[in-house]
Amino acid sequence: MSVEARAGQREVLRVGLVSISDRASGGVYQDQGIPALQEWLGSALTTPFQIETRLIPDERAQIEQTLMELVDVAACDLVLTTGGTGPSRRDVTPEATLAIGTKEMPGFGEQMRQISLQFVPTAILSRQVAVIRETERHAALVLNLPGQPKSIRETLEGLKEADGKVKVPGIFAALPYCIDLIGGPYIETDDTVCKAFRPKSAIRPAVKP
């Protein structure tokens with residue numbers, strides 16, 4: 001397990017990162033998804049977090065088992081997957097994700113496709129989904145992301161104008177409040193990377209040094 005942490009907060013976010021690829025898991029080429037996610041989270045989060053990583057093939061049963069293990073056993077609050085969301089026969093990540101969820105969160109997938117459509121019309125072929133998985137004592141958000149590092153960053157962070165103004169919001173802006181609502185730790189972000197949005201009533205006072 002790798003650990004990223006920043007001092008000054010009481011709660012630690014646990015994040016599962018799952019890269020799903022037959023060839024990367026088989027050693028044909030080096031996985032790029034997990035390093036891209038680690039780098040982005042390191043730049044975006046200002047609260048402590050811990051990371052659990054998994055690199056697995058495009059096998060539905062193994063994907064389901066891995067997602068359940070990360071939520072139910074490793075107690076991750078957030079699980080991000082990359083890969084396996086296209087239309088090919090081996091792309092089964094969305095099906096596995098929906099199978100282990102107790103609530104579907106369709107807005108995340110809709111917004112990811114909206115962002116990607118700014119670049120390529122084939123974004124409509126992407127099938128990313130998001131779900132909440134609930135157990136008796138714990139709940140987590142499980143979210144499929146694209147496979148390419150550039151697309152991962154764009155969907156998480158959103159698109160900005162040349163002056164830095166947000167053109168299309170990224171999905172991570174809504175993620176901290178979602179984690180709040182399912183009982184997870186309070187997440188804060190670097191506003192220059194991705195400004196988290198919460199209703200005023202849900203914003204905590206800043207912690208003094």
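**Figure 1. Q118 is in contact with L159, K167 and V168, leaving aside neighbours within four places in sequence.** Contact denotes heavy atoms within 4.5 Å. The model shown here and in every view below is predicted: local features need pLDDT of at least 70, side-chain atom pairs count only at pLDDT 80 or more, and totals for chains, interfaces and linings use all residues. Residues are numbered from 1 along each chain as its sequence is written, and side-chain values use heavy atoms, with hydrogens and water left out. Q118 itself is found in the loop that runs between helix 5 (residues 106-116) and strand 6 (residues 130-134). Helices (H or I, at least four residues) and strands (E, at least two) are DSSP runs numbered from the N terminus. With a relative accessible area of 36%, Q118 is partly exposed, a class between buried (under 20%) and exposed (over 50%), for a 1.4 Å probe and protein chains only. Q118 and L13 stand 105 residues apart along the chain, and a distance of 31 Å separates their C-alpha atoms.

**Figure 2. E154 is shown in its place in helix 6.** Is E154 buried or exposed? E154 counts as buried, because its relative accessibility is 6%. The side chain of E154 is joined to that of K150 by a polar contact of 2.3 Å. Such a contact is a pair of N or O atoms within 3.5 Å; within protein, one must be able to donate a hydrogen and the other to accept it, and residues adjacent in sequence count only if both atoms are side-chain atoms. When neighbours within four places in sequence are set aside, the residues in contact with E154 are I115, F119 and L159. L159 thus appears in this view as a contact of E154, and in Figure 1 as a contact of Q118.

**Figure 3. S151 also has its place in helix 6.** The relative accessible area of S151 is 23%, so S151 is partly exposed. The view includes M112 as a second point of reference. Along the sequence, S151 and M112 are 39 residues apart. In space, the distance from the C-alpha of S151 to the C-alpha of M112 is 9.2 Å.

**Figure 4. Helix 2 is shown with its buried residues and the elements they pack against.** The helix covers residues 33-44, which makes 12 residues. From its first C-alpha to its last, helix 2 reaches 16 Å, close to the 16 Å expected at 1.5 Å a residue; the expected span is 1.5 Å times one less than the number of residues. Which residues of helix 2 are buried? They are G33, I34, A36, L37, W40, L41, G42 and A44. Four strands and one helix receive this packing: strand 2 (13-20), strand 3 (49-56), strand 4 (78-82), strand 7 (139-145) and helix 6 (149-157). Helix 6, as a packing partner of helix 2, is also the element that holds E154 and S151.

**Figure 5. S21 occupies the loop between strand 2 and helix 1 (residues 22-25).** S21 is buried, because its relative accessible area is 11%. Its side chain meets the side chain of Y29 in a polar contact of 3.2 Å. Residues up to four places away in sequence are not counted in the following list: S21 touches Y29, I56, P57 and D58. Y29 is therefore named among the residues that the buried S21 touches, as well as in the polar contact.

**Figure 6. A75 has a positive phi although it is not a glycine.** Most residues other than glycine have a negative phi. What is the phi of A75? The value is about 60°. A75 lies in a loop, with helix 3 (residues 60-73) on one side of that loop in the chain and strand 4 on the other. A75 is partly exposed, because its relative accessible area is 31%.
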